[in-house]
Amino acid sequence: MILTEKETTAIKDLQTQEQSCIEKYKRYGSEAKDCELQNLFQRLEKEEQEHYQTLGKVLSGTVPTCNCNDNDGKTYNPKAAYTSMTDSDDKKNDCFLATDCIGTEKMVSSEYNSNVFKFSEPSLRKLLADIQIQEQNHAEMLYKYKTVNGMS
């Protein structure tokens, strides 16, 4: 598959977004106080790395098949480290990190939504739509973390 200049630019822009997410999750994983949140950040960092690599394959002319996974958000059930009555600095820190990442996931999901129709190849549109769903799953998982910990 040969990408047009417009398509190549869009994929590179999406890769930039994915790289930013990778770096954010790596940094926030080391800043989080709760082990559950640290583990979630590590998981999301790995998934963003997979997105980045997938986009790299697209740039080299290959459209990987997608798994259309829309269950991660539904099946994620974090354990609570904090209660709704907890008002510690650690809870405030973790709430900030999770909230910031939800905003990032919303923005990245929106980028995929905006860019998907720049591509003529149906399999590539399907792949980008699948990554968008995964980004939405990430936001849902972060929201569930906040909810179970009395942060929302």
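What span should the 27 residues of helix α5 (residues 122–148) have, and how far apart are its end C-alpha atoms? In this predicted model, a rise of 1.5 Å a residue leads to an expected span of 39 Å for helix α5, and the C-alpha atoms at its ends are 39 Å apart, so that the two values agree. Just after α5, Gly150 adopts a positive phi of about 65°.

Helix α5 also contributes to the largest nonpolar core, which comprises 32 residues, and among these Leu40, Phe41, Leu128 and Leu142 touch the most other members. Two or more residues of this core are given by each of α1 (5–31), α2, α4 (89–115) and α5, with the largest share, seven residues, coming from α5. When residues up to four places away in sequence are not counted, Leu40 touches Tyr76, Met141, Leu142 and Tyr145.

Polar and charged side chains are buried as well. Gln132, which is located in helix α5, has a relative accessible area of 14% and is therefore classed as buried, the limit being under 20%. Beyond the residues up to four places away in sequence, Gln132 touches Ser109, Tyr112 and Asn113.

Glu48, placed in helix α2 (residues 35–59), is buried yet forms no salt bridge, and the nearest side chain of opposite charge, that of Lys24, lies 10 Å away. With neighbours within four places in sequence left aside, the contacts of Glu48 are Glu18, Cys21, Ile22, Tyr25, Glu105, Glu135 and His138.

How values were computed: Residues are numbered from 1 along each chain as its sequence is written. This is a predicted model: local features need pLDDT of at least 70, side-chain atom pairs count only at pLDDT 80 or more; totals for chains, interfaces and linings use all residues. Side-chain values use heavy atoms; hydrogens and water are left out. Helices (H or I, at least four residues) and strands (E, at least two) are DSSP runs, numbered from the N terminus. Buried means under 20% relative accessible area, exposed over 50%, partly exposed in between (1.4 Å probe, protein chains only). Lys and Arg count as positive and Asp and Glu as negative; His and the chain ends are not counted. A salt bridge is a side-chain nitrogen of Lys or Arg within 4 Å of a carboxyl oxygen of Asp or Glu. Contact means heavy atoms within 4.5 Å. The expected span of a helix is 1.5 Å times one less than its number of residues. A nonpolar core is a set of buried Ala, Val, Leu, Ile, Met, Phe, Trp, Tyr and Cys residues joined through side-chain atoms within 4.5 Å.
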